[in-house]
Amino acid sequence: MKSWEKALAMAGSTVEERLDRLRQRLARRTARFHDLRLTPFIGFGNEQAFSLMGRVLRKSSSLPSRYEQESIWKVVRDMYTRLASNEAPGIDVILRAAQREYHSTSDEEGFFQFSIEKPSLSGTGPWHTVELRLAHNELQAGTQARVLIPSAQAAFGMISDIDDTIVQTHATSLHKMARTVFLNNAQSRLPFPGVAALYRALVQGSSEAANPIFYISSGPWNFHDLLNDFMELNGIPLGPIMLQDFGLKNDQLMMASHSSHKLKQIRKVFSFYPNLPFILMGDSGQHDPEVYSEVLKEFPGRIQGVYIRDVSPENRDKEIRHLAIEASKNGCPMLLVKDSFDVAEHAERNGFIASSTLPEIRAEVASDNAPEPQNWMGEE
């Protein structure tokens, strides 16, 4: 980072911290703690420990509506509201699980985190629930959060990118990406053809135990609810979504790079499941092939397959084919694929999915590829 960029980031960080402290003092003086909202993210772990994050926000930054078809101006306003979240630092949060309580405090951006050892959780299968509440108000209703604890019988885990891997964001075109990000809600965003049926088949696998899936994106945490709603609307399997903070830090102006963020989160997932092999899903638009190549070197023998959705020009394809040759030397196939059925055919041949799921995936690819009537934005 250049010296002037670092100076600007530090100045912005100082101003932001002072504003946060001022808002916190005003809240305490006016007893406005009832205006706070807990927003938990999906936690994950194993039988020895789990990790769960969330955020404390003020209700003045209420979340936009989830599913309604809305005017273009309301979508723009809702996106601004989501990005301009009013965080609440220094708030005590209590997590309750199986009659035990754990405490955390929100940081300067409103984030809180629990890292709990020897958990005792309620739930069936891989999904469990815990309760969160604000420590200052015992009368306030708690908020439930979900925690994923994969079965020891799971055959593999999945790590998937989001942008241009499961949802079409056109990251290779700045104009198209900006239009998608700022002018579409969960209802109007489009999944890639067949991705829902493919991911359901991979989670189902070819055995009785469900395979866990983890989503990693370099987008901001402010989009967590929107992405969660998008997946629910489109029948895409539930899994922890790992995003990153969008704000000013002392040593950076915006966010961590796509590569460094993704590597950090993959390492975290792998640390929880040292004996579980993984399948990696990404696209050619950013740096997923390079990131996954680094993962192959760092975790030899842990990756069963890498699938890269082709969304870029031919010159980029040549680079990826070179990385695929290197991956094959490490005993792992890296495939550049045009659609979800390409992935399904290879996955079925390698025993990752059941043969019985192929017709559904093929049908969904065909259905999703069918011409759509003009939507509310006047686009096709």
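The axis of a helix is a line fitted to its C-alpha atoms over the stretch in contact, and the angle between two axes, taken between N-to-C directions, runs from 0 to 180 degrees. In this predicted model, the axes of helix 9 and helix 10 come within 9 Å and cross at roughly 170°. Angles over 145 degrees count as roughly antiparallel, and helix 9 and helix 10 are therefore roughly antiparallel to each other. The residues that make this contact are set out below.

| Helix | Residues in the contact |
|---|---|
| helix 9 | S340, F341, A344, E345 and E348 |
| helix 10 | L358, I361, R362 and V365 |

By class, five of the residues in the contact of helix 9 with helix 10 are nonpolar, one is polar and three are charged.

Both helices also belong to a wider picture. The largest nonpolar core has 39 residues, and Y199, L202, Y215, I353 and I361 are those with the most contacts inside it. Among the elements that give two or more residues to this core are helix 4 (195-204), strand 10 (213-220), helix 9 (340-349) and helix 10 (358-369), and helix 4 gives the most, with eight residues.

Helix 4 is mostly covered, since eight of its 10 residues are buried; these include V195, L198, Y199 and L202. What covers the buried residues of helix 4 includes strand 9 (157-160) and strand 13 (303-309), as well as helix 9 and helix 10. Helix 4 is followed by G205, whose phi is positive, near 65°. Not counting residues up to four places away in sequence, I353 touches G205, and among its other contacts are A201, L202, A344, L358 and I361.

How values were computed: Residues numbered from 1 in each chain as written. Predicted model: local features only at pLDDT ≥ 70, side-chain atom pairs only at ≥ 80, totals over all residues. Heavy atoms only, no water. Core = buried A, V, L, I, M, F, W, Y, C linked by side-chain atoms within 4.5 Å. Buried < 20%, exposed > 50% of the residue type's maximum accessible area, 1.4 Å probe, protein only. Helix = DSSP H or I, 4+ residues; strand = E, 2+ residues; numbered from the N terminus. Contact = heavy atoms within 4.5 Å. Parallel < 35°, antiparallel > 145°, perpendicular 65-115°, else oblique. Nonpolar A, V, L, I, M, F, W, Y, C, P; charged D, E, K, R; others polar.
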